[in-house]
Amino acid sequence: MRYMIGGLVTCSLAVGPGIAMGQAVGSGTSIIISPQLDRIDVAGSRIEPEFHSTPLPIGPLGIQPAMSVVSGYTSNVFNRPDSRSDAMLHLMPAFRVSTDLAPHRLDLGARGTIRRFGKFTSENSEEFDIIGNGIMKLSNNGQLTASADFAHLIEARSSFGTVLEAAEPISYQQWGGNLGLDLELGSFRLAPSMSYQQLDYNRLSLENGQNIDVSFRDTQTIRGDLRISYDFSGMISGFASGSLSDIRSTSAARDIRRDARSITAAIGMKGELTPLLSGEVSLGYQSREYELPIYRDFSGVTFAADLQWYVTPLATLHLRAGRAFQNSGYREVAGILTDTIALTSYYDPLRNLRVSLSVSYERGRYREVDTRTSRQSIRLNAEYRLSPLLSIGGYVSIVDQNVQGTPLAGAFTSASGGLGISITP
């Protein structure tokens, strides 16, 4: 999971589905509005040529550094019922190197977030993420893809890994990699892939001065995926997909190991339903079986959706929904089944002004206990491009989390806002 500030959540990188509210480390405070849409000529992703920054060419390389600075305020630093407010400052450096050795391509990037708070220095933290992606063309009908990443990440207060008496946020390291093949065979498309993810959690300081070991959450996951699709018309394709995941605890005692096997199968449609509506929807079956009987197995429906409606040349609606398991921070609970739905509207009233409004709902079910969480959030962003090198903007966010049953997570309401500047030399 990504960090939550003022309650905005972003999800995990590698193995397993999720709804990404932002891709950058610490993107909960980013002023840059850069959604992942199917088209680049629509509101939300369209950038006029005179405001488009280009990498600095050095031989076959394109180099692009960036720095964002955001200063703001949050009404609930710890995301607890007894809210405490504070001022905050976020520095977000980034660096990208890309090569375009047609028909092959390689991208390398590093990004980070440095957080500093005015009064509650226990929340000061640093994150970073190093990513590499490559594409190798094998033929006119096939390509090999590979990616790898290493990250040091921070979990949000009152999120899936909450320790209520913690004196600091939980931190962990994440390693990941993926190797895939994409083949076009006439109207058919075949895409097998293999991925790996490892999570290692750091010791945690408590308010009473003690340290506790949370390495029972350390896991290694190997996952295989296969997707077969058929192009019906050049605009619409149907697909069937399946995945098999093997999850192993690496540091937990034998009686609390989270070793499990997950199987997922789904069918769906992808493409342009109309010239103004595109996306992907799928519905399927998922099961997760744990080796230890103390954990509750799961079998049932799973779903995912990513729909984009280009309402007008100046407005776009983006709907995302999905079901996924989260790595629980409680010894008694192996996985938290999470359903999420988010609707974001993008509006470009001027050629260099972009506004976005996001509304999301997230429900978490703690499988072995009666704990249930529901989180509603709303966020307004605005970005104004002064030049290809300089953007200014701001955001306002409100989050409300309710908890039913055993209070393993904290109920809270939080509001935050900030102003910032982003420089891309």
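User: What makes the contact between the side chains of Arg-223 and Asp-225 a salt bridge?

Analyst: In this predicted model, the N to O distance between the side chains of Arg-223 and Asp-225 is 2.9 Å. A salt bridge requires a side-chain nitrogen of Lys or Arg within 4 Å of a carboxyl oxygen of Asp or Glu. The pair Arg-223 and Asp-225 is therefore counted as a salt bridge. In general, side chains of opposite charge can pair when their charged atoms come close.

User: Why is Arg-223 called buried, and why is Asp-225 called partly exposed?

Analyst: Buried means under 20% relative accessible area, exposed means over 50%, and partly exposed lies in between. Arg-223 has 17% relative accessibility, so Arg-223 counts as buried. Asp-225 has 22%, so Asp-225 counts as partly exposed.

User: Which residues are joined into one network by salt bridges that share partners?

Analyst: The network consists of Asp-246, Arg-248, Arg-257, Asp-259, Arg-261 and Glu-291.

User: How many salt bridges does a search of the whole structure find, and why is the pair Arg-115 and Glu-127 said to tie parts together?

Analyst: The search finds 25 salt bridges. One of them joins the side chains of Arg-115 and Glu-127, at 2.4 Å from N to O. Arg-115 belongs to strand β4, whereas Glu-127 belongs to strand β5 (residues 125-139), so the salt bridge connects parts that are twelve residues apart in sequence. Arg-115 and Glu-127 are both buried.

User: How do you know that Glu-383 and Arg-385 form a salt bridge?

Analyst: The side chains of Glu-383 and Arg-385 meet at 3.5 Å, N to O. The cut-off is 4 Å, so this pair also qualifies as a salt bridge. Both Glu-383 and Arg-385 are buried.

User: What makes β19 and β20 a pair of strands?

Analyst: Two strands pair if at least two bridges are found between them. Strand β19 (residues 372-387) and strand β20 (residues 390-404) are joined by 15 bridges, so they count as paired, and they run antiparallel. Within this pairing, Arg-375 has Gln-401 in β20 as its bridge partner. With two residues between them, β19 and β20 form a hairpin.

User: How many bridges pair β20 with strand β21?

Analyst: Twelve bridges pair β20 with strand β21 (residues 412-423), in the antiparallel sense. In β21, Gly-420 stands opposite Gly-393.

User: Why is Phe-188 called partly exposed, and which nonpolar surface patch includes Phe-188?

Analyst: The relative accessible area of Phe-188 is 45%, which lies between the cut-offs of 20% and 50%, so Phe-188 is partly exposed. Phe-188 lies in strand β8 (residues 188-201). The patch covers about 720 Å² and is made by Leu-185, Phe-188, Leu-226, Ile-228, Tyr-230, Phe-232, Met-269 and Val-281. Strand β11 (residues 219-231) gives the largest share of the patch, three residues.

User: What makes Leu-206 a buried residue, and which residues does Leu-206 touch?

Analyst: Leu-206 has 9% relative accessibility, under the 20% cut-off, and therefore counts as buried. Leu-206 sits in the loop between β9 (204-205) and β10 (211-212). Not counting residues up to four places away in sequence, Leu-206 touches Val-163, Glu-165, Ala-166, Ala-167 and Ile-212.

User: What is notable about phi in Asn-79 and Ser-158?

Analyst: Most residues other than glycine have a negative phi, and most peptide bonds are trans. Asn-79 has a positive phi, near 50°, and Ser-158 also has a positive phi, of about 60°. Asn-79 lies in the loop between β2 (61-74) and β3; its relative accessible area is 2%, so Asn-79 is buried. Ser-158 lies in the loop between β6 (142-154) and β7 (171-185); with a relative accessible area of 4%, Ser-158 is buried.

User: Which residues does a cis peptide bond join?

Analyst: The cis peptide bond joins Ala-102 and Pro-103, with omega about 10°. Pro-103 is in the loop between β3 (86-99) and β4 (105-117).

User: Where in the protein is confidence lowest, and where is it highest?

Analyst: Confidence is lowest in strand β1 (residues 56-58), with a mean of 87, and highest in β11, at 98. Over residues 1-28 the pLDDT is below 50. The protein averages a pLDDT of 90, and 93% of the residues score at least 70.

Technical notes
Residues numbered from 1 in each chain as written. Predicted model: local features only at pLDDT ≥ 70, side-chain atom pairs only at ≥ 80, totals over all residues. Heavy atoms only, no water. Patch = residues over 30% accessible without salt bridge, like charges linked within 9 Å, V, L, I, M, F, W, Y side chains within 5 Å. Areas by Shrake-Rupley, 256 points an atom, 1.4 Å probe, with all protein chains shown as cover. Helix = DSSP H or I, 4+ residues; strand = E, 2+ residues; numbered from the N terminus. Buried < 20%, exposed > 50% of the residue type's maximum accessible area, 1.4 Å probe, protein only. pLDDT = per-residue confidence, 0-100. Contact = heavy atoms within 4.5 Å.
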